[in-house]
Structure formats: C-alpha cells, structure tokens
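Let's take a friendly walk through one helix and its aromatic neighbours. Have the structure open as you read.

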Amino acid sequence: MNSRQIESWALRVIDCVKNGQPHEDFLVELKRDWIEPGKAARRIAGHANAARGESILWLIGLDEKDTKVTGANPVNMASWYSSVESCFNELTPRMTPLNVPIDGVVVVALLFETDRAPFVFKNPQFGKQSGAIALEVPWRENTSTRSACRADLIRLLTPLEKLPEVEILSMRLEAILAGERGSGNYHPNNKLIVSGDLYIVPENKNRIVIPFHRCRVDFKVPGFEAAESSYITLDPASGSPGGLLGASIPGSVTVKSTLHEVIIEGPGRVSFTAIAKNPPLFDIENNFEVEVLISLKITDSDRAVILKRTLSCPISSVGLL
C-alpha cells in the first residue's frame, strides 16, 4: 500500500469520527496518545495476528469518543518503535509511518503489514515477575487483547476473506403505532421499519450471496432494550420507465434475489427493508432517535459487513393502525 492509499484510508476514518459515525473497521485502531511500547507491542501483535494477512492501520491523535481531532503529540518515532520491536520474538510487522495533516494538527498513521503472521510477544516481565510467561501469541477480540487459543491459530493459517464495499445511499425510519398515542404506549402490533438503498461493490470477480437468515438488524432506542428485526429483505433496486425509445431502465443488471437470498454478480444497487415487531417503548409525543445497526454476512465468510446509522423518527412518521 502506497502513501496515497494510506492517507486516503486514514482520511475516510477521520471523516467518520468527525461526523460522529463509528468507522466499523476492525482493521483500524484509534489512539488519542502514544502508549507505552510494551503495551503497544502486545496490542499490535494481537491486532496483526487477528487480521490474518490484511494490513492494519493505527491512527495516533484521534479518539472515537471525541469528534474533535486532537492530533498526535511529538515523539521520536525511531526510538519508540525500536522499543516496540524489542518486545517481539524474532519477527516484527513491517511498519510504514505517515503524517496526515488535518484541521491544523497532525494525525500519525501507522500501517502494519501482517502477511508474515504469527507474531509472538516477548514478555518484558518474564524473569522479573513471578508466574510471568516468556512468550505469547496475542489475539485481538473486539477491543481487547487476549492469548490466542487453538481455534485462533487455525484461523490465522486461513487468509481473511475480502468483504465487499457497501455504501449507504439512503436510509429511512418509520414508526407505526397500533395503540393510542401517549407516553409508555405498548401494543403487540407496534413496529419500527427501516428501509433504504445500498451500493455494493464486490472485492473481486466472485459472485456474492447474502442469505437473509444470516442478516441481522438491531434497533436501539435510548433508555430501552434493543429490538432485533424479525423480517429483512434485500432486492435489486427498482427501475424506471422512460429510457431510450420509451424502454424501461432496470435498477440493476448485476443483482438478483429470491425469497431467501440476494445474489450479486458485480457492482450494483440493492434496496433493503427490515421490520422490528414489538419494539421497545417510546414516547411518541416527542421526536426520538433510533440507532440502527445492520449486519450483512455473506456465504463463505466468518465476518460480517457492519453498517450503523442513527436516525431521527419525528412525530410525522408515526402512524395509527
């Protein structure tokens, strides 16, 4: 990956953070400040091992909890990474550093190549602290780092599947209230409906199949338990009439769907609908926000594409059955 590609990747993540949107990329780690080399080495090793051959990106000077880009404190990069390397056994991930100027500050991007995994952490506490192990193969899980188990080591030997690129073109939320309006309303026919359009680009020429039963949509209303969708579909985007000589224009020629899955042969637009029945209680007298989390899991992959957006549901979108 060249410098332009690294900077482009970093800027996409920075834009998500500035807009208050989770970047949802497990190959990226955000740090407000530089961390102690020993701790950094173990986390880098765990992150690199879990990436299974994909490059990982660390951004220093950026915090996902803060939409303001703080920038990285000045540090002697050569000295810091030399200390990090000393905590690895035999082999260290190749690193490419890059300064990314933005908003008057500099975010430091660190790209690590992971194609030579496994990476082994050399515990600096060995021999100094009772019970401290000498060597460890760390593994990143969500936002924490633990020791790898046998299943992790088997996964490490399998290249990571390339996930498709998915862009949210539109997303709409509708609340349907079956009972009377008022605070604390509950009715078994209450519904939250999210719909919209995605543009999906496969990473290679292989066909993508997304079974509906492997998809999940969660609706989170602040202050209440999350509601999971009980119904979800993905279909080719609808076409329109009025093309050349009055011929209709298809919404997509690369997307097909059945009752059970959507089949994507190439880049194309996909429409989706998900319904949560019996959603958590909410006060329909006021506007409320709902966090929508969409998980799309393709066949032959143990990972899912994660999409997240917070939508406002105004009173005008609330209907009575």
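## Aromatic rings around helix α3

This predicted model holds 4 aromatic pairs. One of them joins Trp 34 and Trp 80 in an edge-to-face arrangement, with 5.0 Å from centre to centre and 65° between the planes. Trp 34 belongs to the loop between β1 (28-31) and α2, while Trp 80 is part of helix α3, so this pair ties together parts that are 46 residues apart in sequence. Are these two residues, Trp 34 and Trp 80, buried or exposed? Both are buried.

The two tryptophans also have company: Trp 34, Trp 58, Trp 80, Tyr 81 and Phe 112 form one aromatic cluster. At Trp 58, the charged end of Lys 31 sits over the ring.

Here are the distances worth having at hand.

| Feature | Residues | Distance |
|---|---|---|
| Edge-to-face pair, centre to centre | Trp 34 and Trp 80 | 5.0 Å |
| Charged end to ring centre | Lys 31 and Trp 58 | 5.9 Å |
| Helix cap, side-chain oxygen to backbone nitrogen | Asn 76 and Ala 78 | 3.3 Å |

Now to the helix itself. Helix α3 spans residues 77-85, and its buried residues are Trp 80, Tyr 81 and Val 84. Why do they share a side of α3? They cover an arc of only 90° around the axis, which puts them on the same side. In an α-helix there are 3.6 residues a turn, so residues three or four places apart point the same way.

The buried residues of α3 pack against α2 (37-51) and the strands β3 (88-89), β4 (94-102) and β5 (105-113). At the N-terminal end of α3, Asn 76 provides the cap through a side-chain oxygen.

Key
Residues are numbered from 1 along each chain as its sequence is written. This is a predicted model: local features need pLDDT of at least 70, side-chain atom pairs count only at pLDDT 80 or more; totals for chains, interfaces and linings use all residues. Side-chain values use heavy atoms; hydrogens and water are left out. Buried means under 20% relative accessible area, exposed over 50%, partly exposed in between (1.4 Å probe, protein chains only). Helices (H or I, at least four residues) and strands (E, at least two) are DSSP runs, numbered from the N terminus. The arc is that of the directions from the helix axis to the C-beta atoms. Contact means heavy atoms within 4.5 Å. A polar contact is a pair of N or O atoms within 3.5 Å; within protein, one must be able to donate a hydrogen and the other to accept it, and residues adjacent in sequence count only if both atoms are side-chain atoms. Rings of Phe, Tyr and Trp (its six-membered ring) pair if their centres lie within 6.5 Å; planes under 30 degrees apart count as stacked, over 60 as edge-to-face and the rest as tilted. A charge sits over a ring if NZ of Lys or CZ of Arg is within 6 Å of the ring centre and within 35 degrees of the ring normal.
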